[in-house]
Amino acid sequence: AAGMMSTWDDHEFRNDRIANDYDTPAGRAARDAYVLNMGLRRNADDPDRIWRSFAHGDTAEFFLLDLRSERRPGQDEIISNAQMNWLKQGLSNSRAHFKIIVAPQPLTDFPGAKASSWSFSHQRRELLNHIKNLQQNGKKGFFFLAGDVHFSAAGSVNAPGTDFGDINEFVIGPLGNPGNGMSPERKRSFGAHTGPNKQ
């Protein structure tokens, strides 16, 4: 009745994994199990590649990112250059009205919080600059959809009136976890940043 698009989270077989975790027996077994259970078609040129896109006519194109298999915090990378170039080219070429970038971790710079796992990477600004250039050339309809953090939010990736303040992200975390989701504490987390003209 409904399609499913999936990518890695950060707790699939080890917590807070990075790229080096995949070059192990556990990492290879986990990847094989994921491909088998999700019915993922392997890329002929790169069998371990997860990032891919799905176009639904001219209405929407979904770009699914892999922010774990290629994540190298010590090298200031959250994705490989190959994946970044693929994403930028895909966004440039997309004819879809909505271009939805699905990322396991949020891109939003949450006020007063270290929630964005992109924050260590220069690649956040590289991607946002690319989108900004496309917008200046008349392309519209860019959105981010993310998970991982244990709350939900809808807003701009940066504060309104600043660079990238007009690019929006929807965050949908594991709301069923006890103590997370819609708890009163979470509702108050970003209270100063909600309302008219706020992030």
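A contact here means heavy atoms within 4.5 Å. Keep that in mind as you work through this predicted model.

**Exercise 1.** Find what share of the contacts with a separation of 6 or more joins residues 24 or more positions apart.

*Solution.* Start with the elements: the protein has four helices and six strands. From the N terminus on, their order is α-β-β-α-β-α-β-β-β-α. Now turn to the contacts with a separation of 6 or more: residues 24 or more positions apart account for 64% of them.

**Exercise 2.** Work out why the ring pair of Phe98 and Phe143 is classed as tilted.

*Solution.* Begin with the count, which comes to six aromatic pairs. For Phe98 and Phe143, the ring centres are 6.1 Å apart and the planes stand at 45°. Stacked needs planes under 30 degrees apart and edge-to-face needs over 60, so the rest are tilted. Therefore this pair, at 45°, is tilted. Next, place the rings: Phe98 belongs to strand S3 and Phe143 to strand S4, 45 residues apart.

**Exercise 3.** Follow Phe143 to its pairing with Phe170, and decide whether Phe143 is buried, partly exposed or exposed.

*Solution.* Phe143 has a relative accessibility of 24%. Buried means under 20% and exposed over 50%, so Phe143 counts as partly exposed. Its ring centre lies 6.1 Å from that of Phe170, and with planes at 35° this pair is tilted too. Phe170 sits in strand S6, 27 residues from Phe143 in strand S4. At 38%, Phe170 is also partly exposed.

**Exercise 4.** Find which ring has the charged end of Lys99 over it.

*Solution.* Look at Phe142: the charged end of Lys99 sits over its ring, 5.0 Å from the centre.

Conventions
Residues are numbered from 1 along each chain as its sequence is written. This is a predicted model: local features need pLDDT of at least 70, side-chain atom pairs count only at pLDDT 80 or more; totals for chains, interfaces and linings use all residues. Side-chain values use heavy atoms; hydrogens and water are left out. Helices (H or I, at least four residues) and strands (E, at least two) are DSSP runs, numbered from the N terminus. Rings of Phe, Tyr and Trp (its six-membered ring) pair if their centres lie within 6.5 Å; planes under 30 degrees apart count as stacked, over 60 as edge-to-face and the rest as tilted. Buried means under 20% relative accessible area, exposed over 50%, partly exposed in between (1.4 Å probe, protein chains only). A charge sits over a ring if NZ of Lys or CZ of Arg is within 6 Å of the ring centre and within 35 degrees of the ring normal.
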